[in-house]
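Here is a walk through one protein model, taken step by step. Keep the sequence and the 3D view side by side as you read.

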Amino acid sequence: MPGELYESDGHHAYFFVKSPFYCHRNYGKRYLVRPVIIFWLDIATGTIVGYRACLAENKGAVKNSLMDAISRFGTPQKIRVDNGGAYKNVYWRTLGVL
């Protein structure tokens, strides 16, 4: 059924962007980085219900992307994630999912 199972993963993009951090005053000296896109997929419908683009896969990006998915499409009955470090660091009970 729709909304029963959300699955998530993060992937590096196949393009580079200039780092948004202002560690250098000269714009031309900023580093090129590959952004990470974290997404949440509703397995029953194949719909991407939440996503976040960031510089690294971290617990804050995972949490915020899941909160976006829940606010738009409701709380799922189950969540399935891989063994990535960002997913191990999220405290799921604070999100109201478990």
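The text below goes from the overall layout to the sheet, then to the helix, the core and a few single residues.

Start with the status of the model: it is predicted. The protein has 98 residues, and buried residues make up 30% of them. Two helices and six strands are present. Along the sequence they follow the pattern β-β-β-β-β-α-β-α. How do distant parts of the chain meet? Take the contacts in the protein with a separation of 6 or more: residues 24 or more positions apart account for 53% of these.

Now turn to the sheet. It is open and has four strands. Their order is β5-β4-β1-β6, and the pairing is mixed. Which strands sit at the edges? They are β5 and β6, the latter spanning residues 78–81. Each of these two pairs on one side only. Neighbouring strands of the sheet are turned by 20° against each other on average, with direction ignored.

Look at one side of the sheet. Strand β4 covers residues 36–42, and strand β5 covers residues 47–54. The two run antiparallel, and seven bridges join them. One of the partnerships links D42 to T47 in β5. Together β4 and β5 form a hairpin, with four residues between them. Find G46 in the turn: its phi is positive, about 75°.

Move to the other edge. Strand β1, residues 5–12, pairs with β6. Here the sense is parallel, over four bridges. Y6 has I79 in β6 as its bridge partner. So the mixed pairing of the sheet can be traced strand by strand: antiparallel between β4 and β5, parallel between β1 and β6, in a sheet whose strands are counted by DSSP runs.

Next comes the helix. Helix α1 spans residues 59–73. It lies across β1, β4, β5 and β6. Against β5 it runs at about 150°.

What fills the largest nonpolar core? This core has 13 residues. Among them, I38, W40 and V62 touch the most other members. The elements that give two or more residues to it are β4, β5, α1 and α2, the last being residues 85–88. Helix α1 gives the most, with five residues.

Charged pairs come next. The structure holds two salt bridges. One joins E7 and R80, whose closest N and O atoms are 2.6 Å apart. E7 lies in strand β1 and R80 in strand β6, so this pair ties together parts that are 73 residues apart in sequence. Are these two residues buried or partly exposed? E7 has 27% relative accessibility, so it counts as partly exposed. R80 is partly exposed too, because its relative accessible area is 41%.

The other salt bridge is formed by the side chains of D68 and R52, at 2.6 Å from N to O. D68 belongs to helix α1 and R52 to strand β5, so the pair ties together parts that are 16 residues apart in sequence. D68 has a relative accessibility of 23% and therefore counts as partly exposed. R52 is also partly exposed, at 27%. Buried would mean under 20%.

Go back to β1 for a closer look at S8, which is found in that strand. Is S8 buried or exposed? At 4% relative accessibility, S8 counts as buried. A polar atom of the S8 side chain lies 3.0 Å from the backbone oxygen of F39. What else does S8 touch? Leaving out residues up to four places away in sequence, S8 touches I38, F39, W40, R80, V81, D82 and Y87. Some of these names are familiar: I38 and W40 were met in the core, and R80 in a salt bridge.

Finish with a residue outside the four-stranded sheet's list of strands. K18 has its place in strand β2, residues 17–18. With a relative accessible area of 34%, K18 is partly exposed. Its C-alpha atom is separated from that of L32 by 4.6 Å. Along the chain, K18 and L32 are 14 residues apart.

How values were computed: Residues numbered from 1 in each chain as written. Predicted model: local features only at pLDDT ≥ 70, side-chain atom pairs only at ≥ 80, totals over all residues. Heavy atoms only, no water. Pairing = 2+ DSSP bridges. Axes fitted to C-alpha atoms, helices over the stretch in contact; angles between N-to-C directions. Contact = heavy atoms within 4.5 Å. Core = buried A, V, L, I, M, F, W, Y, C linked by side-chain atoms within 4.5 Å. Buried < 20%, exposed > 50% of the residue type's maximum accessible area, 1.4 Å probe, protein only. Salt bridge = Lys/Arg side-chain N within 4 Å of Asp/Glu carboxyl O. Polar contact = N/O pair within 3.5 Å; in protein donor to acceptor, adjacent residues only side chain to side chain.
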